[in-house]
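Hello,

Here is the structure I promised to pass on to you. Please have it open while you read, as my notes follow below.

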Amino acid sequence: MAFNLPIITTPIFGVKEQVVENQNALFYKPGNVIQ
């Protein structure tokens, strides 16, 4: 966030309380991987 770049993370373990989706973070569902 210090470099004004989005964070790409899963919304688990308190992350949703620290960042805002589509404002400073991009969320994806746990287990959603490209093979």
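Let me start with Phe13, which counts as exposed because its relative accessibility is 80%, over the 50% cut-off. Phe13 sits in the loop between β1 and α1. Its backbone also deserves a look: phi is positive at about 55 degrees, although Phe13 is not a glycine.

Before going further, please keep in mind that this is a predicted model. The mean pLDDT of the protein chain is 80, and 89% of its residues reach 70 or more. Among the elements, helix α1 (residues 15-18) has the lowest confidence, with a mean of 84, while β2 has the highest, at 87. As a general caution, coordinates should not be read in detail where pLDDT is low.

Now the overall layout. The protein chain has one helix and two strands, and from the N terminus on they come in the order β-α-β. The chain has 35 residues, of which 14% count as buried. It exposes about 3,400 Å², with carbon and sulfur atoms supplying 56% of that area.

Which residues does Thr9 touch, once those up to four places away in sequence are set aside? They are Val15, Leu26, Phe27 and Tyr28. Thr9 itself is found in strand β1. With a relative accessible area of 16%, Thr9 falls under the 20% cut-off and is therefore buried.

Thr10 is placed in the loop between β1 (7-9) and α1. Thr10 also counts as buried, because its relative accessibility of 13% is under 20%. Leaving aside neighbours within four places in sequence, Thr10 is in contact with Val15, Tyr28, Lys29 and Pro30. So if you click on Val15 or Tyr28, you will find each of them listed both for Thr9 and for Thr10.

Is Gly31 buried or exposed? Gly31 is exposed, with a relative accessible area of 70%, and its place is in the segment after β2. Gly31 and Thr10 are 21 residues apart in sequence, and their C-alpha atoms are 9.3 Å apart in space.

Tyr28 is found in the segment after β2 (25-27) as well. At 37% relative accessible area, Tyr28 lies between the 20% and 50% cut-offs, so it is partly exposed. Tyr28 also belongs to a nonpolar patch on the surface, which it forms with Ile8 and Leu26. Together these residues have about 300 Å² of accessible area. Tyr28 therefore has a relative accessible area over the 30% that a patch residue needs, while also being one of the contacts of Thr9 and of Thr10.

The last region to look at is the loop between α1 and β2, where Asn22 is found. Asn22 is exposed, with a relative accessible area of 67%. What is the phi of Asn22? It is near 65 degrees, a positive value in a residue other than glycine. Glu21 lies in the loop between α1 and β2 too, and Glu21 is partly exposed, with a relative accessible area of 43%. The C-alpha atoms of Glu21 and Pro6 are separated by 9.5 Å, and the two residues are 15 apart along the chain.

If you only have a few minutes, I would suggest two stops. One is the pair Thr9 and Thr10, with Thr9 buried at 16% and Thr10 buried at 13%. The other is the nonpolar patch formed by Ile8, Leu26 and Tyr28.

Best wishes

Key: Residues are numbered from 1 along each chain as its sequence is written. This is a predicted model: local features need pLDDT of at least 70, side-chain atom pairs count only at pLDDT 80 or more; totals for chains, interfaces and linings use all residues. Side-chain values use heavy atoms; hydrogens and water are left out. Helices (H or I, at least four residues) and strands (E, at least two) are DSSP runs, numbered from the N terminus. Buried means under 20% relative accessible area, exposed over 50%, partly exposed in between (1.4 Å probe, protein chains only). Accessible areas come from the Shrake-Rupley method with a 1.4 Å probe; for residues, only the protein chains shown count as cover. Patches are made of residues with over 30% relative accessible area and no salt bridge: like charges are joined within 9 Å, nonpolar side chains (Val, Leu, Ile, Met, Phe, Trp, Tyr) within 5 Å. A salt bridge is a side-chain nitrogen of Lys or Arg within 4 Å of a carboxyl oxygen of Asp or Glu. pLDDT is the predictor's confidence in each residue, from 0 to 100. Contact means heavy atoms within 4.5 Å.
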